[in-house]
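Biologist: I would like to learn how to read helix packing and sheet order in a model. Please take me through one case.

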Amino acid sequence: MRTAYSVETVRTAERSLMARLPEGTLMQRAAAGLTAACADVLGRVYGSRVVLLIGSGDNGGDALYAGARLVRRGAGVTAVLLTPDRAHAGGLAALRRAGGKVRDTTDAEKWISRADLVLDGIVGIGGKGGLRPEAERLAVVCERAGVPVVAVDLPSGVDADTGEVHGRAIRADLTVTFGTHKPGLLIDPAREYAGSVRLVDIGLTLPEVPEVEALQHRDVAGLLPVPAPESDKYRRGVVGVAAGSARYPGAAVLAVAGALRGGAGAVRYVGPAADAVIARFPETLVSDRGPAKAGRVQAWVVGPGAGDDAATVAEVLSTDVPVLLDADGLRLADQETVRARTAPTLMTPHAGEAAALLGVTREEVERARLNSARELARRYGATVLLKGSTTLVADATTDTPVRVNPTGTSWLATAGSGDVLSGLAGSLLAAGLAPRDAASAAAYLHGLAGRYAAQGAPVGAQDVAEALRRAWRDVLD
């Protein structure tokens, strides 16, 4: 599992460690890791040209000490100082002693255009509110030059704690981060500025509970329900799906497809698309008597393609089993009814749906994905799976880490893909997983299935559903 911690937590851990180490040890550890990463990007250090973009503070110090190490390995290193009077004194002295050059920003474009590598040490993890004009100009210069950029700890201009980007930011090919990941390195829009991320261990002791975590194969494998020798279809769980309408029968078919791939023992379908569902999946148990009389289930999925069927949504929410709300179900569900439920609720909005529920614009949600997911979970007292370029899973409790799904692909931006995800997550709920685990495992499998189905080519939601089998095998092997 990858974990990420807030700036405040990292600063506290750094201070504790520095108090026990000789002065400058921590910065030298960071510089050593940074130097090794730069050497890997360059391939051949001797004779290469490296430009350091240096702001004030320790972030610039890390870059300057790394620059000194690169000079000693035969690189030509030029440090461009954005605030010459506030550059890290020790790092600057080390670079000069090694033979590196120091310049102001006057001819920065010339130096950058000639470089084989740019090291971004403008702003550290404490940076807030975007870049200053001169730093923004250098960000533009780097993009136009097309030179590989390595960011120190995180790209300058992104918010370490939230993943927000205010204005222009440095776009890195590689980010070398120290001690731990920061939330902004895992969450868009900041994540897309980070490029590949390399973690350098500098010896920090961090709390057991992080701010953000990203599950890996092993973590997901430990969550997935696997039938025991005595299992039958009822012991494995039965998921109810109330979805589809005359206008959107396909939503029902796709939600059922996801549910059948989710590990529950049986799927009950309630709605107007029963004929279409049975034609595609004859193993589905169908009913035309409404959710309350459909038979026993361990969880419900309600909303995909439901149109304006508020009565069915309300009926499902009145049950005492976990409920997944998606699509039209999100719009039709009463907030206070959701908050008053004693059984868990899992909400799966995309950014547009989340914006409508929060009373903000879609752009605001996409700009502040972490805070939006947390706020929606808090308002509804529910678990929220916020779909998008980085899918987030947030609980209503503030002491639970937000989970970030690492497997997504842009090929999943296709009609009906969310319906498959809802059925899959609902099935995992019925199999006994807690909402947070069901949402996280479903997002992980769904992302893998999207990758496998696409293989670099366009896909439809049915392709994703079919590829879920391979995703399960991959995770459990």
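Modeller: Note that this is a predicted model. We can start with a pair of helices: the crossing of helix 18 and helix 19 is right-handed.

Biologist: What describes two packed helices in general?

Modeller: Two packed helices are described by the angle between their axes and the distance between those axes. Here, helix 18 (residues 435-454) packs against helix 19 (residues 461-476) at about 110 degrees, and their axes are 7 Å apart. Angles of 65 to 115 degrees count as roughly perpendicular, and therefore helix 18 and helix 19 are described as roughly perpendicular to each other.

Biologist: Which residues of helix 18 and helix 19 meet?

Modeller: Helix 18 contributes residues including Tyr444, Leu448 and Tyr452, and helix 19 contributes residues including Val464, Leu468 and Trp472. The residues of this contact between helix 18 and helix 19 divide into 12 nonpolar, two polar and three charged.

Biologist: Now the sheet. What is the order of its strands?

Modeller: The open sheet has seven strands in the order 4-3-2-5-6-7-8, with parallel pairing. Strand 4 (101-103) and strand 8 (196-200) are the edge strands, each pairing on one side only. Neighbouring strands are turned by 20 degrees against each other on average, direction ignored.

Biologist: How many bridges join strand 7 to strand 8?

Modeller: Five bridges join strand 7 (residues 174-178) to strand 8, and the two run parallel. One bridge pairs Leu174 with Ser196 in strand 8.

Biologist: Which strands does helix 3 touch?

Modeller: Helix 3 (residues 58-72) packs on the sheet and touches strand 2, strand 3, strand 5, strand 6 and strand 7. The direction of helix 3 makes about 160 degrees with that of strand 2 (49-54).

Methods: Residues are numbered from 1 along each chain as its sequence is written. This is a predicted model: local features need pLDDT of at least 70, side-chain atom pairs count only at pLDDT 80 or more; totals for chains, interfaces and linings use all residues. Side-chain values use heavy atoms; hydrogens and water are left out. Axes are lines fitted to C-alpha atoms, for helices over the stretch in contact, and angles run from 0 to 180 degrees between N-to-C directions. Helices (H or I, at least four residues) and strands (E, at least two) are DSSP runs, numbered from the N terminus. Angles under 35 degrees count as roughly parallel, over 145 as roughly antiparallel, 65 to 115 as roughly perpendicular and the rest as oblique. A crossing is left-handed if the near helix is turned anticlockwise from the far one by less than a right angle, and right-handed if clockwise. Contact means heavy atoms within 4.5 Å. Ala, Val, Leu, Ile, Met, Phe, Trp, Tyr, Cys and Pro count as nonpolar, Asp, Glu, Lys and Arg as charged, and the others, Gly among them, as polar. Two strands pair if DSSP finds at least two bridges between them.
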